[in-house]
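Dear colleague,

I am passing on the structure we spoke about, and below it I have set out what I found when going through it. Please read the notes with the coordinates open beside you.

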Amino acid sequence: RAVAMSVSHSSRLNKLVREQYMKLPQDGFVQVTYVWIDGSGEGVRCKSRTLDKEPKSIEDVPEWNFDGSSTAQAEGSNSDMFLVPVCMFKDPFCLDPNKLVLCEVLKYNRKPAETNLRHTCKKVMDLVKDSHPWFGMEQEYTLLGINGHPYGWPDNGFPGPQGPYYCGVGADKVYGRDIVESHYKACLYAGVKICGTNAEVMPSQWEFQVGPCEGIEMGDHLWMARFILHRICEDFGVVATLDPKPMTGNWNGAGCHTNYSTEEMRREGGLKHIEAAIEKLSKRHDYHICVYDPRGGRDNSRRLTGHHETSNIFEFSAGVANRGASIRIPRQVGQDGYGYFEDRRPAANCDPYAVTEAIMRTTVLNETGVETKDYADH
């Protein structure tokens, strides 16, 4: 029996008709789509404007504004928020010379909005730039039908147990590969530093990886990769959720494993610097859990159970090639004596700015405890 997939109405519009208009010349004008993080700290918003020539750098893109009362970022009586362009990409939907521009959000008084976590992350990354921190983040996500049920799952039941789906091939093992491959190509076109993708352990769950990126670039590129994913899913009529545990029961959750190294870790003998960093992280576990999801650890508590390739949220652990540990040292790194390590605690819906900032505060700036230092005057 053919099962009717739950997809949005707009995805059924005739895309060939749309193509006719997308091919029209623009007479030198350029469409710029401004992208920002909304008041949830998880959602992205966008709107577009016309510039009379192609911007060659981020400085060529003017500031703009939006109604913050409609994005849970301001009161209606004082609702204008500033969009400050920070990172520019080619537009894979309207094609170059059109652009996607990631923006920071500032309030009416030019102070960062509550969910603008890039602002302090940039300060910290500027402070630690001599250590040349490299990051690679593994973004897991789950495809849902418009009805909220995992895409491709039986309407009234569950697929077979986990096992055949991870890196799977075949119509009975993977769902939605068209979306994944479209996302990969679009990110490459845009200039996002996407470096891989694979089907994950739970059916309809996928992962893409972004990196290596240095400093603030990690958050910029992962947020734009997320925007492109949501935008592509819109075209296909499905939803990508970053919920860390979208299905209760014997199913894997979704994380955003964060690979990290400094220049001294990547050199011969770097393992001792890796071990020193892990020791610092072990003494600040509660602080990191608080910033590794948007709800102070409550989202991650559903995922970090000690089962399904996770550590227990209440315990810190580290090990070589151990996917049940908080921190995994890859086997090759253990053998070579230098390289990087993987923090497996961040949730799929984490803010990459918060995660990378926290790692730098603990491992390079040597902060301890649950309080963070304000470096504004330094």
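I begin with a small group of charged side chains, in which aspartate 96 forms a salt bridge with lysine 99, their closest N and O atoms being 2.8 Å apart. Please keep in mind throughout that this is a predicted model. Aspartate 96 is partly exposed, at a relative accessible area of 33%, whereas lysine 99 counts as buried, at 6% relative accessibility. Lysine 99 also meets the side chain of glutamate 54 in a salt bridge, with 3.0 Å from N to O. Since lysine 99 belongs to strand S5 (residues 99-106) and glutamate 54 to the loop between strand S2 (44-51) and strand S3 (64-67), this pair ties together parts that are 45 residues apart in sequence. Glutamate 54 counts as partly exposed, with a relative accessibility of 27%.

A search of the whole structure finds 25 salt bridges, and one of them joins aspartate 172 to lysine 173, where the closest N and O atoms are 3.4 Å apart. In that pair aspartate 172 is exposed, at a relative accessible area of 51%, while lysine 173 is partly exposed, at 27%.

On the domains, the assignment for the protein gives domain 1 (9-115) and domain 2 (125-364), and their centres, taken over C-alpha atoms, are separated by 26 Å. The contact between them takes 21 residues from domain 1 and 23 residues from domain 2. Together the two domains bury about 1900 Å² between them, and 70% of that area is on carbon and sulfur atoms. On the side of domain 1, Glu42, Phe89 and Phe93 supply 33% of the area buried against domain 2, more than any other three residues.

What salt-bridge count is found between domain 1 and domain 2? The count is one. Glutamate 42 and arginine 295 meet through their side chains in a salt bridge of 2.8 Å, N to O, and with the bounds given above, glutamate 42 falls in domain 1 and arginine 295 in domain 2. Both residues also belong to a network of salt bridges that links Glu42, Asp243, Arg295, Asp299 and Arg302. Glu42 is therefore a residue to look at twice, since it appears in this network and also among the three residues that supply 33% of the area domain 1 buries against domain 2.The UniProt annotation "domain: GS beta-grasp", from an unreviewed entry, covers residues 30-110. That span is 0% helix and 48% strand, and its end C-alpha atoms lie 28 Å apart.

Turning to the interior, the largest nonpolar core has 65 residues, of which Tyr141, Met224, Ile228 and Phe341 touch the most other members. Helix H4 (residues 217-236) gives the most to this core, with 10 residues. Domain 1 (9-115) and domain 2 (125-364) both give residues to the core, so it lies between them. Isoleucine 228, when residues up to four places away in sequence are not counted, touches Pro92, Phe93, Leu100, His183, Ala186, Cys187, Ala190 and Val192. Another core, of 15 residues, lies apart from the largest one, and its members include Leu51, Met81, Val101 and Cys103.

Two buried residues complete the notes. Glycine 219 is found in helix H4 and is buried, with a relative accessible area of 1%. Leaving aside neighbours within four places in sequence, glycine 219 is in contact with Pro352 and Tyr353. Glycine 219 and tyrosine 184 are 35 residues apart in sequence, and their C-alpha atoms are 18 Å apart in space.

Methionine 265 lies in helix H5 (residues 263-266) and is likewise buried, at a relative accessible area of 3%. With neighbours within four places in sequence again left aside, methionine 265 is in contact with Tyr260, Gly270, His273, Ile274, Ala277, Tyr338, Gly339 and Phe341. Phe341 is also one of the residues that touch the most other members of the largest nonpolar core. Between methionine 265 and alanine 277, which are 12 residues apart along the chain, the C-alpha separation is 9.5 Å.

With best regards

Methods. Residues numbered from 1 in each chain as written. Predicted model: local features only at pLDDT ≥ 70, side-chain atom pairs only at ≥ 80, totals over all residues. Heavy atoms only, no water. Core = buried A, V, L, I, M, F, W, Y, C linked by side-chain atoms within 4.5 Å. Buried < 20%, exposed > 50% of the residue type's maximum accessible area, 1.4 Å probe, protein only. Helix = DSSP H or I, 4+ residues; strand = E, 2+ residues; numbered from the N terminus. Domains from an automatic or database assignment. Contact = heavy atoms within 4.5 Å. UniProt positions renumbered as here; feature names shortened; annotations may be inferred. Buried area = accessible area lost by both parts, 1.4 Å probe. Salt bridge = Lys/Arg side-chain N within 4 Å of Asp/Glu carboxyl O.
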